[in-house]
Amino acid sequence: MKNEMNKMELLKQISAAKFMMEDLSLFLNTHPTDRETIVEYNYYVKEWRDLKENYEMNFGMLSDDSLSCYPWQWISEPWPWENEANFKFEKEES
Amino acid sequence: MKQTETKKNIPQNLAMSKCIPQETVIENVRLAAAYVPYQYICTLFTPFEALRRGTAFPELYSPYKGEDKKCRPYQLETSKKERI
């Protein structure tokens, strides 16, 4: 149970870091010389990579470029549209 | 419900701050073209807040206001009456 919570918490952090990457990269497309934002963007890229690696080491494949142990891990996870594969947002979170 | 009210206040506060450039001069304007003020980097939401609100930039957070919807059936009703 604790493991399961950890997994969902990690998944949430991965999604949040990835979202920051996406949104900051959109901003940088129109502001390519904004150093401060490039630093911020790079920070989230590193964080996202670390979190993703951590998740994959402990809980299995996240995407089609993930490493797999034996047996093939892709088919043993709940599918993305299944309830167990998704985290919930608390109403007020910071 | 309380929290949605505080969220609604955010864009208004920001509009008053320096985060949104209040441009009054745009050079070489053309007719029938839309112009968008140039965005400056200001504060960012925390990653969780950004994911939940759909934007990392507080000045771009603009939730749909449910009460605007209430006007519509009324207007439809009055226009019907006018036709009769």
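What percentage of the 84 residues in chain B is buried? The share is 7% in this predicted model.

**View 1. Chain B is built from helices, without strands.** Three helices make up the count for chain B, against zero strands. Read from the N terminus, the order is α-α-α. Buried residues account for 7% of chain B.

**View 2. Chain B touches chain A.** On the chain B side, 11 residues take part; on the chain A side, 15 do. Helix α2 of chain B, residues 47–53, supplies six residues, the largest share of the chain B side. Sorted by class, that side holds six nonpolar residues, three polar ones and two charged ones.

**View 3. The largest nonpolar core draws on both chains.** This core has 15 residues. A:Ala17, A:Met20 and B:Ala50 have the most contacts inside it. Three helices each supply at least two of its residues: α1 (2–30) of chain A, α2 (35–59) of chain A and α2 of chain B. Helix α1 of chain A gives the most, with seven residues. In soluble globular proteins, nonpolar side chains tend to be buried together.

**View 4. A:Met20 contacts residues of both chains.** Neighbours within four places in sequence are left aside here. Within chain A, the partner is A:Tyr44. From chain B come B:Pro47, B:Ala50 and B:Ala56. Of these, B:Ala50 is, like A:Met20, among the residues with the most contacts inside the largest nonpolar core.

Definitions and conventions:
Residues numbered from 1 in each chain as written. Chains lettered and ligands numbered in written order. Predicted model: local features only at pLDDT ≥ 70, side-chain atom pairs only at ≥ 80, totals over all residues. Contact = placed C-beta atoms within 7 Å. Helix = DSSP H or I, 4+ residues; strand = E, 2+ residues; numbered from the N terminus. Nonpolar A, V, L, I, M, F, W, Y, C, P; charged D, E, K, R; others polar. Core = buried A, V, L, I, M, F, W, Y, C linked by C-beta atoms within 7 Å. Buried ≥ 20, exposed ≤ 12 C-beta atoms within 10 Å, placed from the backbone.
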